[in-house]
Amino acid sequence: MQSRVHVMQKLRDLGGGAYAVEVDGPIPETGPGQFYMLRTEKRWPVLLPRPFSLYDRGGDGSWGSFLVKPIGDGTRAICDLKVGEKLVVTGPLGRTFPTDVDNPICIAGGVGLAPFLLLARSEAAAGRKMRLLFGGRNRDALSGMEDFQDISTVFPSTDDGSHGFHGMVTGLLDELLVSGAVKEGETVFCCGPDPMMLAVADLCEKRGLRCFLSLESYMACGYGVCNGCTVKVKGERFKGWPYSKTCIEGPVYEACELVHDESH
Amino acid sequence: MTVLETNLAGLELDNPVLSASGTFGSGWEGRQFSDLSTVGGLVSKTVTLKPRPGNPPPRILETPSGMLNAIGLENKGSEVFLRDSLPRMQELAESGQKDGKRGPRVIVNLGGSTAELVELTKRFCAAGVDALEINLSCPNVAHGTRSSTDPALTEEVIAAVKSVATVPVFAKLTPNITDVVPIAVAAHRGGADAVTLINTLVGMAVDWRRKKPVLGNTTGGLSGPAIKPVALRIVYQVRAALPDLPIVAVGGAHSAECVLEFVCAGASAVQFGTSLFSDPTLMVRVVNDLRDHLGEADTSIHELRSAMHESAARISTPGGASR
Ligand SMILES: Cc1cc2nc3c(=O)[nH]c(=O)nc-3n(C[C@H](O)[C@H](O)[C@H](O)COP(=O)(O)OP(=O)(O)OC[C@H]3O[C@@H](n4cnc5c(N)ncnc54)[C@H](O)[C@@H]3O)c2cc1C
Ligand SMILES: Cc1cc2nc3c(=O)[nH]c(=O)nc-3n(C[C@H](O)[C@H](O)[C@H](O)COP(=O)(O)O)c2cc1C
Ligand code: FES
């Protein structure tokens, strides 16, 4: 694990307002779902670093990239970097999606796409085409989809029907279950906005699919010292403790480990 | 004394750079980023006798130049801490005990009722800690701050802890009171070997769209650079009133310059909290930067301590009512 200054080498427009922010290496080997804390070295407009999944990585670790969509001051500062300017990168942090699942069904919403590109690459290297269900409001919101086109089987869905399945990813998943492209007993990996993940987890439970979620919690430290990123959990792994730190015990949880609290 | 060495009520430190309670785990989590054997000391998160699950999320929110937290003293209790975390802190300390260095001092922060604090003090002194910091001031638990807004209670709690302690005891005080000086006086009277100033300032954040507070606990403690001026002011006032009571400063420190400012204002050591979230390697760099700054100015921590008070005494007396 490292905390290093990296040079921004390239900003690739992924459409829909999102960018792949590419930095020089060395980027350590990183499992799917693991993340890094990022901040710009200069002119960081906020106090705390921000968590981002590693989007892509050169096979030898000579470069890495992060998928960033500007939604606030931190993400905007990262996307405003000029080539040659520096980023402080700390990681890899957190637990990966389980590595013993062959051919998972990946479901992404928005920037929740980020953890799946490296997985698609490793599946492709093993001779498999990863199934990716990718949902967004409209065609424009499916930022990064082209990167998956050749190496995986992409099933897009849009709320307005402007591309692919007309409706939410849960509707799409249901349709794929009916068509046989997805079968009962398979495993789903999901990352996206909370309401989407909740709906996917719910559907997986009803249809007999195993489901793992990667949470995008608000974090301060990212390395387990602030106790700020906790979620309510249950189950064996937590030995009766009601809370779990998403930065070290997550961000990936099996859906059945999470306790949903309506109050917040 | 070397330029960096400092002394807290008889506890000698290689340098004045410490971690702040609740912001660096037990130090173990940070060792993966840098070699912590050169920091002056590590302060644990508040340990309570029994496990405490803490407050419901959301627990943190960034604010301009700071953050709010309402963790609620989540910890697995003293038994688990003694078994799992203390040995790791002590291992880090040992890693620095070479070439005539003392290594990071192991300071455990304790919270709870008077009876619980007495029990905890016995257990942790027996386990060989270097000092204890008593958290009289957590803003995020029911009645948490009461003991450090009431002078009589402060004195009683500290006296009870001191009656069984075999290591130096620091009283960590709250800034959420009009005047901290009477509380510091009470802690001193109770026998505190030093005071840690300050814990977080109570604040809150509102989500107007949902017409709800943002934090699960409604209010939270403000920390980070935003509170540094408040911490400096309180350190300065307490030092002016109690020149013989060593002070551990905490609140918004983020550089070697900050350490020197706190030392000038009267602190003997300085803790780093929120700034460690953005940079787990910060303390090690600050120790090196301190050496450079002191070298350039041809002075030492010892010489600089309270320097401002000596010059102030010649010019005017510090503000505040007479006591
Ligand atoms: C493990 C992990 C991996 C992530 N990976 C990526 C990634 O690959 N690409 C990417 O673009 N983003 C990712 N995120 C989310 C990203 O960290 C946040 O979008 C970012 O912190 C926002 O910072 P900001 O300063 O731009 O916005 P802020 O000013 O902090 O926030 C802007 C708005 O977004 C809300 N918000 C901020 N952070 C979050 C959050 N974590 N969850 C929900 N709402 C939030 C705020 O309440 C506010 O309304 C990830 C988060 C986690 C925890
Ligand atoms: C997330 C968080 C958790 C904290 N937990 C504790 C704690 O358990 N016990 C305690 O005495 N102080 C706790 N504090 C207060 C800090 O030790 C420190 O007094 C305060 O944050 C001001 O310093 P800073 O601005 O450098 O962070 C906590 C602060 C933060 C931000
Ligand atoms: S973000 Fe600090 S403990 Fe997880």
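Which residues of H6(B) are buried? I started my notebook with that one, and here is what I looked up.

**Ground rules.** I'm working with a predicted model, where local features need pLDDT of at least 70, side-chain atom pairs count only at pLDDT 80 or more, and totals for chains, interfaces and linings use all residues. Residues are numbered from 1 along each chain as its sequence is written, while chains are lettered from A and ligands numbered from 1 in the order in which they are written.

**Helix H6 of chain B.** I found that the buried ones are Ala256(B), Cys258(B), Val259(B), Leu260(B), Glu261(B), Phe262(B), Val263(B), Cys264(B) and Ala265(B). Buried means that 20 or more other C-beta atoms lie within 10 Å of a residue's own (exposed is 12 or fewer, partly exposed is in between, and C-beta atoms are placed from the backbone). The helix covers residues 256-265, and 9 of its 10 residues are buried, so it is largely enclosed by the rest of the structure. Right after H6(B) I noted Gly266(B), with a positive phi near 130°.

**Chain B as a whole.** I counted 10 helices and 16 strands in chain B; these are DSSP runs numbered from the N terminus (helices are H or I with at least four residues, strands are E with at least two). Its radius of gyration is 18 Å, close to the 20 Å that the globule rule gives for 323 residues, so chain B is as compact as a globular protein of that length. For that I took the radius over C-alpha atoms, and the rule is 2.2 Å times the number of residues to the power 0.38. Of the 323 residues, 55% count as buried.

**Val195(B).** Is Val195(B) buried or exposed? I got 31 C-beta neighbours inside 10 Å, so Val195(B) counts as buried. I placed it in strand E10 (residues 194-197) of chain B. Leaving out residues up to four places away in sequence, Val195(B) touches several others, including Phe170(B), Leu173(B), Val238(B) and Ile247(B). Touching, or contact, means C-beta atoms, placed from the backbone, within 7 Å.

**Strand E6 of chain A.** I saw that E6 (residues 63-68) is mostly covered, with 5 of its 6 residues buried. Which strands pair with E6(A)? Strand E2 (residues 18-24) does so in the antiparallel sense over 6 bridges, and E5 (residues 56-57) is antiparallel to E6(A) over 2 bridges. To pair, two strands need at least two bridges found by DSSP. Ser65(A) in E6(A) stands opposite Glu22(A) and also opposite Asp56(A). E5(A) and E6(A) form a hairpin with 5 residues between them, and Gly61(A) in the turn has a positive phi of about 75°.

**The ligands.** Around ligand 1 I found 22 residues, with Gly72(A), Gly74(A), Thr75(A), Val111(A) and Ala114(A) the closest. To be near, a residue needs its C-beta atom, placed from the backbone, within 6 Å. The largest share of this shell, 4 residues, comes from E4(A). Ligand 2 lies between chains A and B and has 28 residues around it. By class, that shell has 9 nonpolar, 17 polar and 2 charged residues. Nonpolar covers Ala, Val, Leu, Ile, Met, Phe, Trp, Tyr, Cys and Pro, charged covers Asp, Glu, Lys and Arg, and the others, Gly among them, are polar.

**Where the chains meet.** I noted 23 residues from chain A and 27 residues from chain B in the contact. The chain A side has 14 nonpolar, 7 polar and 2 charged residues.

Terms used. Two residues are in contact if their C-beta atoms, placed from the backbone, lie within 7 Å.
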